[in-house]
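Student: Could you take me through one part of this model in close detail? I would like to see the overall layout before we zoom in on a single residue and the helix packing around it.

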Amino acid sequence: MVRPMEAAQVQKLDAAIRDVPDFPKPGILFKDITPVMADGDLFKLSIAAFLDIAEELGPVDKIVGIDARGFIFGAAVAHHLGIGFIPVRKKGKLPWETESVAYDLEYGSNEVEIHTDAVQPGESVLLVDDLLATGGTAGAAVDLIEKIGGKLLGLAFLIELGFLNGREKLGDAEVRSILTY
């Protein structure tokens with residue numbers, strides 16, 4: 001049974017998130033999660049919250065994490081579940097046959113790739129990432145998972161910037177966020 005995070009735990013995570021104005025460009029308020037990762041107790045707490053989401057949406061065959069902070073959280077979740085971890089990387093960074101998707105984000109455009117053999121047809125996948133903003137990167141990752149035959153169970157984020165309406169780009173997908181701003 002999934003146990004929701006206690007209010008005090010949510011507050012601890014929230015208090016550790018550092019606001020960095022005008023990064024990576026003027027007008028953006030960047031939510032820096034480095035203090036969460038640097039504190040063993042907070043990092044453990046965040047991974048436990050992701051595990052709760054995986055339990056609720058599961059069973060999960062593979063975790064997909066998005067370059068780069070999604071690797072940190074996703075790999076830890078996959079390790080705890082004893083399942084495989086699949087990276088979605090920026091174009092040109094994967095050394096094997098890939099599928100790619102181009103997309104727009106809040107401050108530019110990008111393209112991401114996944115290995116064509118990373119997920120077997122029908123395997124259940126949970127996408128784990130640090131941040132849901134406009135939904136461009138997450139939407140591209142979902143497209144990649146589906147292109148190679150994965151069954152998306154849902155998406156789990158440490159932070160969601162709700163005012164950017166990123167969920168709208170994700171259609172009917174299950175979206176779970178630990179913190180929402």
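Tutor: From the N terminus on, the elements run α-β-β-α-α-β-α-β-β-β-β-α-β-β in this predicted model, which makes 5 helices and 9 strands. The radius of gyration is 16 Å, close to the 16 Å that the globule rule gives for 181 residues, so the protein is as compact as a globular protein of that length. Along the principal axes, the C-alpha trace spans about 40 × 40 × 30 Å. Of the 181 residues, 44% count as buried. Among contacts between residues at least 6 apart in sequence, 58% join residues at least 24 apart.

Now let us zoom in on S46, which sits in helix α3, residues 40-57. Its relative accessibility is 0%, so S46 counts as buried, the cut-off being under 20%. If we leave aside neighbours within four places in sequence, S46 is in contact with L13, V36, F73, L158 and I178.

The contact with L13 leads us to the packing of two helices. Such a pair is described by the angle between the axes and the distance between them. Here the axes of α1 (residues 7-16) and α3 come within 10 Å and cross at roughly 120°. The two helices are therefore oblique to each other, and α1 passes α3 in a left-handed crossing. On the α1 side, Q9, K12, L13 and A16 take part, and they meet L42, L45 and S46 in α3. By class, this contact of α1 with α3 has 4 nonpolar, 2 polar and 1 charged residues.

Definitions and conventions
Residues numbered from 1 in each chain as written. Predicted model: local features only at pLDDT ≥ 70, side-chain atom pairs only at ≥ 80, totals over all residues. Heavy atoms only, no water. Helix = DSSP H or I, 4+ residues; strand = E, 2+ residues; numbered from the N terminus. Buried < 20%, exposed > 50% of the residue type's maximum accessible area, 1.4 Å probe, protein only. Contact = heavy atoms within 4.5 Å. Axes fitted to C-alpha atoms, helices over the stretch in contact; angles between N-to-C directions. Parallel < 35°, antiparallel > 145°, perpendicular 65-115°, else oblique. Left-handed = near helix turned anticlockwise from the far one by under 90°. Nonpolar A, V, L, I, M, F, W, Y, C, P; charged D, E, K, R; others polar. Rg over C-alpha atoms; globule rule 2.2 N^0.38 Å.
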